[in-house]
Amino acid sequence: MAAAKPPLFVAETVTGSHVLEVKGYSVSKVQLGVGKSIDSGVFSVAGHRWILQYYPDGFNEESANHISIFVQIENPVAKAEVKARFCFSLLNHAGEPVSRYTLTSKTRIFSSTNVSWGYRTFIERKELESSYLRNDSFQIKCDLTVFKDVVRKETTLAAAPAAPPPDLQRHLGNLLASKVGGDVEFEVDGELFTAHRYVLAARSSVFMATTGKLGFADC
């Protein structure tokens, strides 16, 4: 019968990504102001709806010289928490992440009381304007990993092979009949019988007494 192993707990994740493309950067910077955001289209990861929030003049006065970027859960469930980790990457003109502006978060908890997380000082505006704008546009990619509920998986050990039946007498009889390993012969009424010296020694004190280091003594 298979033996039960301790249950295995597996943390499952679902990953998705979304690219926010900002066109007309200079116009958005002038029209919005500090604390005002532009939202991306809605995207879905792990059954939840998400958006990206882009603040061209910063999230607050302390970040007014930067652009701020956040990810927000759109459909939080009351008294429920969603654990997720996100990575924001500024993309260069070839669409590749800029390593200096690729930031990965710790695991964060999204809920109805805390719907968004992100970076208030993602990149300075003057740095963005001097190096990464193309046709007054740029892109930020968000890779989002959502941690689902821990799954309990039961596992079992493979059944051990059954031990052979305790039938030593039959096995010794088969060994004697096959003459395999026989090293002693007896002649009785002109008929030869093959035997095994150590079996004889085990069964007879007389044969045991005549057993030497190299086997039976010559008789």
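**Reading the core and the salt bridges**

Modeller: This is a predicted model, and its chain folds into five helices and 14 strands.

Colleague: What share of the 219 residues in the chain is buried?

Modeller: Buried residues come to 29%. As for the surface, the chain exposes about 14300 Å², with carbon and sulfur atoms supplying 53% of that.

Colleague: How should I read a nonpolar core, and which residues have the most contacts inside the largest one here?

Modeller: The general idea first: in soluble globular proteins, nonpolar side chains tend to be buried together. Here, the largest nonpolar core has 29 residues, and W50, F88, L90, F122, F138 and L144 have the most contacts inside it. Strands that each supply at least two residues of this core include β1 (8-23), β6 (82-91) and β10 (137-153).

Colleague: Now the salt bridges. How many does the count come to?

Modeller: Four. To call one, look for a side-chain nitrogen of Lys or Arg within 4 Å of a carboxyl oxygen of Asp or Glu. K29 and E129 fit, at 3.0 Å from N to O. K29 sits in helix α1 and E129 in helix α2, so this pair ties together parts that are 100 residues apart in sequence.

Colleague: And D57 with R125: are those two buried or exposed?

Modeller: D57 is buried, at 8% relative accessible area, and R125 is buried as well, at 17%. Their side chains meet in a salt bridge at 3.8 Å, N to O. Because D57 lies in the loop between β4 and β5 and R125 in helix α2, the pair links parts 68 residues apart in sequence.

Conventions:
Residues numbered from 1 in each chain as written. Predicted model: local features only at pLDDT ≥ 70, side-chain atom pairs only at ≥ 80, totals over all residues. Heavy atoms only, no water. Helix = DSSP H or I, 4+ residues; strand = E, 2+ residues; numbered from the N terminus. Buried < 20%, exposed > 50% of the residue type's maximum accessible area, 1.4 Å probe, protein only. Areas by Shrake-Rupley, 256 points an atom, 1.4 Å probe, with all protein chains shown as cover. Core = buried A, V, L, I, M, F, W, Y, C linked by side-chain atoms within 4.5 Å.
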